Amino acid sequence: MHMKKLQFQVRINAPSTKVYDVMLGISNKSTYEQWTSLFNPTSTYEGSWNKGSKILFVGVDENGKKGGMVSEIVENTPNRFVSIRHNGILKDDKEITTGPDVEKWAGGFENYSFDENDGVTSVSVDLEITEDFLDYMNQTYPKALDKLKELCEK
């Protein structure tokens with residue numbers, strides 16, 4: 001399966017320390033949950049953003065089942081750069097890291113870059129995605145980043 005690369009950007013009138021904190025939900029996990037609610041209203045994470053850590057990006061589906069992504073923080077330079085590698089999926093509370101459901105996009109990256117200039121932070125999100133998620137991400141990610149901007153600027 002061929003992965004497509006996408007990039008989304010937003011300019012936020014706030015220093016990178018604040019944007020990083022709000023985006024990752026460092027001092028308050030609810031800020032992460034608010035901007036990612038555009039993808040899933042129950043979106044949250046379990047684990048840590050520290051380099052080398054395992055992190056689960058989870059939400060509850062329409063049947064009340066918990067699911068999501070099993071991922072790893074490959075790189076984390078606070079207020080500058082975060083690299084996430086998606087290694088598998090969480091389905092019915094089971095971590096699945098092999099098999100046809102996973103193979104088509106396992107190892108895909110999602111990277112967040114923060115570049116501050118005169119108190120304005122440009123956030124770039126680079127991600128690798130399978131063809132079937134392309135339209136969804138193109139429609140949803142910009143809305144999620146608008147929400148992030150709103151949270152950081154208030």
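The following exercises, each with a worked solution, concern a predicted model of a protein chain.

**Exercise 1. Secondary structure**

Task: State how many helices and strands the protein chain contains, and give their pattern along the sequence.

Solution. Step 1: Counting the elements gives four helices and eight strands. Step 2: Reading along the sequence, one finds the pattern β-α-α-β-β-β-β-β-α-β-β-α.

**Exercise 2. Overall dimensions**

Task: Decide whether the radius of gyration of the protein chain agrees or disagrees with that of a compact globule.

Solution. Step 1: For 154 residues, a compact globule would have a radius of gyration near 15 Å. Step 2: The value for the protein chain is 15 Å, so the two agree. Step 3: As a further description of extent, the C-alpha atoms fill a box of roughly 45 × 30 × 30 Å along the principal axes.

**Exercise 3. Surface, burial and charge**

Task: Describe what share of the residues is buried, what the exposed surface is made of, and how the charged side chains are placed.

Solution. Step 1: Of the 154 residues, 40% are buried. Step 2: The protein chain exposes about 8,200 Å², and carbon and sulfur atoms supply 48% of this area. Step 3: There are 18 positive and 24 negative side chains. The centres of these two sets lie 1 Å apart.

**Exercise 4. Contacts across the sequence**

Task: Among contacts between residues at least 6 apart in sequence, determine what percentage joins residues at least 24 apart.

Solution. Step 1: Set aside the pairs that are fewer than 6 places apart in sequence. Step 2: Of the contacts that remain, 52% join residues at least 24 apart.

**Exercise 5. The largest nonpolar core**

Task: Identify the residues with the most contacts inside the largest nonpolar core, and the elements that contribute to this core.

Solution. Step 1: The core has 33 residues, and those with the most contacts inside it are Met23, Trp35, Trp49, Tyr112, Tyr141 and Leu145. Step 2: Two or more residues each come from the strands β1 (3–12), β3 (54–60), β5 (81–91), β7 (108–117) and β8 (120–130), and from the helices α1 (16–24), α2 (29–36) and α4 (134–153). Step 3: Helix α4 gives the largest share, eight residues. Step 4: Tyr141 may serve as an example of the packing. Leaving aside neighbours within four places in sequence, Tyr141 is in contact with Phe8, Trp35, Phe39, Glu110, Tyr112, Val125 and Leu127.

**Exercise 6. Two helix residues compared**

Task: Classify Leu145 as buried or exposed, and do likewise for Gln34, with partly exposed as a further choice.

Solution. Step 1: Leu145 is found in helix α4, while Gln34 is found in helix α2. Step 2: Leu145 has a relative accessible area of 1%; since buried means under 20%, Leu145 is buried. Step 3: Gln34 has a relative accessibility of 28%, which lies between the limits of 20% and 50%, and therefore counts as partly exposed. Step 4: The contacts beyond four places in sequence complete the picture. Leu145 touches Phe8, Gln9, Val10, Met23, Trp35 and Val125, whereas Gln34 is in contact with Lys147 and Leu151.

**Exercise 7. A glycine in a strand**

Task: Locate Gly88 and describe its surroundings.

Solution. Step 1: Gly88 is in strand β5. Step 2: With a relative accessible area of 0%, Gly88 is buried. Step 3: Not counting residues up to four places away in sequence, Gly88 touches Gly68, Met69, Val70, Ile96, Thr97, Val102 and Trp105. Step 4: Lys54 is 34 residues from Gly88 along the chain, and their C-alpha atoms are separated by 11 Å.

**Exercise 8. Positive phi angles**

Task: For Asp92 and Asp118, state where each residue lies and how accessible each is.

Solution. Step 1: Asp92 has phi near 50°, a positive value in a residue other than glycine. Asp118 likewise has phi near 50°. Step 2: Asp92 lies in the loop between β5 and β6 (94–96), and Asp118 in the loop between β7 and β8. Step 3: Asp92 is partly exposed, at 41% relative accessible area, whereas Asp118 is exposed, at 78%. Step 4: A glycine may be added to these cases: Gly25, which follows α1, has a positive phi near 70°. Within α1 itself, the buried residues include Ser16, Val19, Tyr20, Val22, Met23 and Leu24.

Key: Residues are numbered from 1 along each chain as its sequence is written. This is a predicted model: local features need pLDDT of at least 70, side-chain atom pairs count only at pLDDT 80 or more; totals for chains, interfaces and linings use all residues. Side-chain values use heavy atoms; hydrogens and water are left out. The radius of gyration is taken over C-alpha atoms; the globule rule is 2.2 Å times the number of residues to the power 0.38. Buried means under 20% relative accessible area, exposed over 50%, partly exposed in between (1.4 Å probe, protein chains only). Contact means heavy atoms within 4.5 Å. Accessible areas come from the Shrake-Rupley method with a 1.4 Å probe; for residues, only the protein chains shown count as cover. Lys and Arg count as positive and Asp and Glu as negative; His and the chain ends are not counted. The place of a charge is taken as NZ of Lys, CZ of Arg, CG of Asp or CD of Glu. A nonpolar core is a set of buried Ala, Val, Leu, Ile, Met, Phe, Trp, Tyr and Cys residues joined through side-chain atoms within 4.5 Å.
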